[in-house]
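User: I am new to this structure and would like to learn how to read its sheets and loops. Could you take me through them step by step?

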Amino acid sequence: MKKYLEVCDKCEREFEWSNEGDVWPGGKDRENITCPYCGNVTGSKITSGYIAIHTHQCRYCGSMLIPDEGGADRRGTIRYECSAADCYGVFFSENGGPIITSEERCRSAGPICDNCGRSLRGGSFTPKWSEGNNPDDSIKCPHCRHINYLWE
Ligand SMILES: [Zn+2]
Ligand SMILES: [Zn+2]
Ligand SMILES: [Zn+2]
């Protein structure tokens, strides 16, 4: 069944919905599309089936994940928290990508510049001893040109 993306106009979180069940001409009712996070009714559809809401699930316990209010931040990252009170699952999605754990996110972002805090991806790498007097690998930050030494 085709899924539609909906952005809640109250909490600005995104979710998906689909029109499920017995969809046939006749016997139609107006079904509400309700935000699963704040309960706001964002729209409705006239259908003989029903509206199913799709949310992401916690990889640890299977409960619903709740994205941060306001949707993605400036870098396009959405942070999700598990809705179960006894689970501390926290997940991220970058630029519409898959939902990953914070460990996976650190691994994909790689090292961060000591000076400006941005990713060192794309910086120029200098292997240790390549210049005779540098006992550590280093990466020059592509954003601020700060030399970051990589300790093992
Ligand atoms: Zn909402
Ligand atoms: Zn959980
Ligand atoms: Zn930097």
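**Reading the sheets and loops**

Analyst: Let us begin with a sheet, bearing in mind that this is a predicted model. Three strands make up an open sheet, whose order is 1-2-5 and whose pairing is antiparallel. Strand 1 (3–7) and strand 5 (50–54) are at the edges and have a single partner strand each, so one side of each is left without a neighbour in the sheet. From one strand to the next, the twist averages 35°.

User: How many bridges join strand 2 to strand 5, and how do these strands run?

Analyst: Strand 2, which covers residues 14–20, is joined to strand 5 by 5 bridges, and the two run antiparallel. To follow the pairing at the level of residues, look at Ser 18, whose bridge partner in strand 5 is Ala 52. As a general idea to keep in mind while looking at any such pairing, side chains in a regular strand alternate between the two faces of the sheet.

User: What is the order of strands 10, 11 and 12 in their sheet, and which are the edge strands?

Analyst: These 3 strands form an open sheet in the order 10-11-12, with antiparallel pairing. Strand 10 and strand 12 are the edge strands, each of them pairing on one side only. The twist here averages 25° from one strand to the next. Strand 10 is joined to strand 11 by 3 bridges, and within this pairing Thr 126 has Ser 138 of strand 11 as its bridge partner. On the other pairing, 4 bridges connect strand 11 with strand 12 (residues 147–150), the two running antiparallel, and Asp 137 stands opposite Leu 150 of strand 12.

User: What lies between strand 11 and strand 12, and which residue there takes a positive phi?

Analyst: The two strands form a hairpin with 6 residues between them, and in this hairpin Arg 145 takes a positive phi near 70°.

User: Where is Asn 95 found, and why does it count as exposed or buried?

Analyst: Asn 95 lies in the loop between strand 8 (90–94) and strand 9 (99–101), and although it is not a glycine, its phi is positive, at about 50°. A residue counts as exposed if 12 or fewer other C-beta atoms lie within 10 Å of its own; Asn 95 counts as exposed because it has 9 C-beta neighbours inside 10 Å.

User: How should I read Trp 129 in the same way?

Analyst: Trp 129, which is not a glycine either, has a positive phi of about 65°, and its place is the loop between strand 10 (124–126) and strand 11 (137–140). Because Trp 129 has 11 C-beta neighbours inside 10 Å, it counts as exposed.

Definitions and conventions. Residues are numbered from 1 along each chain as its sequence is written. Chains are lettered from A and ligands numbered from 1 in the order in which they are written. This is a predicted model: local features need pLDDT of at least 70, side-chain atom pairs count only at pLDDT 80 or more; totals for chains, interfaces and linings use all residues. A residue is buried if 20 or more other C-beta atoms lie within 10 Å of its own, exposed if 12 or fewer, and partly exposed in between; C-beta atoms are placed from the backbone. Two strands pair if DSSP finds at least two bridges between them. Axes are lines fitted to C-alpha atoms, for helices over the stretch in contact, and angles run from 0 to 180 degrees between N-to-C directions.
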